[in-house]
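Subject: Structure handover and notes

Dear colleague,

Please find the structure below, for you to open alongside this message. My notes on what was found in it follow directly after.

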Amino acid sequence: MCGIVGYVGKRPALKILISGLRRLEYRGYDSAGVAFFEGSATGSKIHIQKSEGKLENVERLLDASPGRYEDVCCGIGHTRWATHGKPTTQNAHPHQTGHVVLVHNGIIENYQTIKAELIARGHRPQSETDSELLGFLVLEEMNRGSSLFEAVRKSFQRLQGQCSVVIMSEKEPGTVIGVRNGSPLVAAADPKGGAILASDPQPLLELAREVVYLEHGDIVVSNDRGMRFYDLETGAPVERHPTQLEWSADRLDKQGFPHYMLKEIYEQPTALIDTLNGLLDRATTDPFTLARQPGVELLERAKEITIVACGTSWYAALLGKYWLERWARIPVNLELASEYRYRDPVMNEGTLLVGISQSGETADTLAVLRKSKKSEIPTLAITNVRGSSISREASATFYTCAGPEIGVAATKSFTTQLLSMLLFSGALMLKPRAAAVPGDITRRFDDMIRLPHVLSDYLGDRSGKMASSIRETARALQLSKGFFFIGRGYSFPIALEGALKLKEIAYVHAEGYAAGELKHGPIAMIDENMTVVVLAPGDTWRDKTVSNLQEVKARGARILGVGSASDSELKSMCDHWIELPNVQLDEAFMPFFLTAVVQLLSYELAVLKGTDVDKPRNLAKSVTVE
Ligand code: F6R
């Protein structure tokens, strides 16, 4: 949610803070700010510039004093996504309380009690935030004689809830302290001397490749000589080993695409290849042999699987359920994490709980994993982010290798989640329970290896046939009152995903339905102002879906058909038509092509509407609050 950066060292700190915050913009935010020691790190006065709205507003404030801040070499920065209090400049971080200045990500759950106590002791918080209150606690401790380090430690003992904080004090110029108490925080030593801290690794990339993911309950003290780690509760030093980051800074740039989302749609074939290379044992050509890692054993031992996820990840899980049941004949329960965590589910013995989350930070999914772990249920995570909270919580983790996804709307992270589900279905198909025919296993495996290449050919480039036909279709449909996406079987989860993508980035009303459900209510919405996107590849469900198409066509809807290139009958029933590649692949692979279609369609409609495609309103990339 909120983004945090802190830097102390020998380089121009404001440049590092601003470019770090830029790299965190993808998380979604509504205000931003920086705080820094004016002059050199030994200068004692902290200066704050913050504003509601975009980071540019903060840059404008800094630009108003050209040259004044060139010597700054110690500071902190923040992008805020409002939870407590409105997105105003007053509520924006950093918050200053006397000589203490801090930025905060997460929630202080007992903030009302703390606020009442502070007010009773004569303090007057200036903002509506929970974050500012921590500053008062630290100030009180320092006024009693504690160092900043001790004051932060003691203050945290008063807090309930998950958060991370980066904090400085005018009494200790040139020191930046960070705490991870649940919400993520990473740190890297600057090779030129000093350190950089941030809520995720992206801002660190320009300075360092070796980063330390703080553990829950760690405190890091940084200054221009480097950084040291301690236990938040006891204050004792702890050793933390750096992880080598695989992401290079240039991969983060748009590489010529107008939006990150579009670049990420086109990166899907590569992301699939990277994920296959990461999860498969490439030393053997035996089909569906997973690289040996702790998760494989958990999967193989499972008698039943329960998957929890949210949003797009839940749709990946839904398709996973279809594949796992059909190929591997293993019972799969699918649950929305936000519902499951507050229910009293009954679990059969031998159940494996799988949490899917691209960010690895989604609060509800994380909570279910934690709860399951407490009940000694084996847990498996599927995530795109190494070192994320979910990966640390689960008994074992499989990583998708989509690389950094900057567009807020999930694209390549989704298709790599799908691929991991397909891989597990294939691996479990080898079990006696599945009773699969050996020829089927090999054919499906060969198809899976071909998949990234076929998808790459299908996507072509921006001026290719597929992209052009989708652009044209979007232009023709841009005035539709609303969209229904319908599909059956393997296409149903993609209908849900198509509708979500369109809502998210184009702000157009859209619903996804299992095509057979239309007549149970939604069909009442159909008239000539509605577009129905019919996902009907030439698979087991094609004929049934076409019957549903006829029902909506008869009621005046405009039909956009997405089907097999050879399906001239279906094409003739549609007002608009997007064809799938003319290749022989198992029907289980069709969702990857349908996904590319619905992603690009949403993208083109969003561009026509002029929305902020990469940072849609009201959304955040990692949802670390309930
Ligand atoms: C949609 C989207 C969200 C996420 C959901 C779960 O484009 O990105 O619906 O899928 O917030 O996020 P993760 O996968 O990070 O748990």
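How many residue pairs are in polar contact between domain 2 and domain 3? The count is 15 residue pairs, with both residues at pLDDT 80 or more, and I mention that threshold because this is a predicted model, in which side-chain atom pairs count only at that confidence.

The side of domain 2 that touches domain 3 draws at least two residues from each of five helices, namely α6 (260-266), α7 (268-279), α9 (311-328), α13 (412-429) and α14 (438-459). Of these, α14 gives the largest share, with 12 residues. Sorted by character, the residues on this side of domain 2 comprise 26 nonpolar, 7 polar and 6 charged ones.

To place this interface in the whole, the protein is divided into domain 1, covering 3-251, domain 2, covering 253-459, and domain 3, covering 460-613. The centres of domain 2 and domain 3, taken over C-alpha atoms, are 25 Å apart, and 39 residues of domain 2 are in contact with 40 residues of domain 3. Between them the two domains bury about 3400 Å², and 70% of that area is on carbon and sulfur atoms. On the domain 2 side, M261, Y315 and Y458 together supply 20% of the area buried against domain 3, which is more than any other three residues supply.

Charged pairs also appear here, since side chains of opposite charge can pair when their charged atoms come close. The rule finds 3 salt bridges across the interface of domain 2 and domain 3. In the model, the side chains of R326 and E587 meet in a salt bridge, at 3.2 Å from N to O.

Over the whole structure, the search finds 36 salt bridges. One of them joins the side chains of R22 and E59, with 2.5 Å from N to O. Because R22 lies in helix α1 (residues 13-24) and E59 in helix α2 (residues 55-63), this pair ties together parts that are 37 residues apart in sequence.

Turning to the strands, there is an open sheet of 8 strands, in the order β3-β2-β4-β1-β10-β9-β11-β14, with antiparallel pairing. Its edge strands, each of which pairs on one side only, are β3 (46-52) and β14 (243-244). Strand β2 (residues 31-37) runs antiparallel to β3 and is joined to it by 7 bridges; A35, for instance, has I48 in β3 as its bridge partner.

Two backbone details may be worth a look when you inspect the loops. The peptide bond from H93 to P94 is cis, with omega near 0°, and P94 is found in the loop between β4 (74-80) and β5 (95-97). F288, although not a glycine, has a positive phi of about 55°, and this residue lies in the loop between α7 and α8 (294-301).

With best regards

Notes. Residues are numbered from 1 along each chain as its sequence is written. Side-chain values use heavy atoms; hydrogens and water are left out. Domain bounds come from an automatic or database domain assignment. Contact means heavy atoms within 4.5 Å. Buried area is the accessible area (1.4 Å probe) that two parts lose on being put together, summed over both. A salt bridge is a side-chain nitrogen of Lys or Arg within 4 Å of a carboxyl oxygen of Asp or Glu. A polar contact is a pair of N or O atoms within 3.5 Å; within protein, one must be able to donate a hydrogen and the other to accept it, and residues adjacent in sequence count only if both atoms are side-chain atoms. Helices (H or I, at least four residues) and strands (E, at least two) are DSSP runs, numbered from the N terminus. Ala, Val, Leu, Ile, Met, Phe, Trp, Tyr, Cys and Pro count as nonpolar, Asp, Glu, Lys and Arg as charged, and the others, Gly among them, as polar. Two strands pair if DSSP finds at least two bridges between them.
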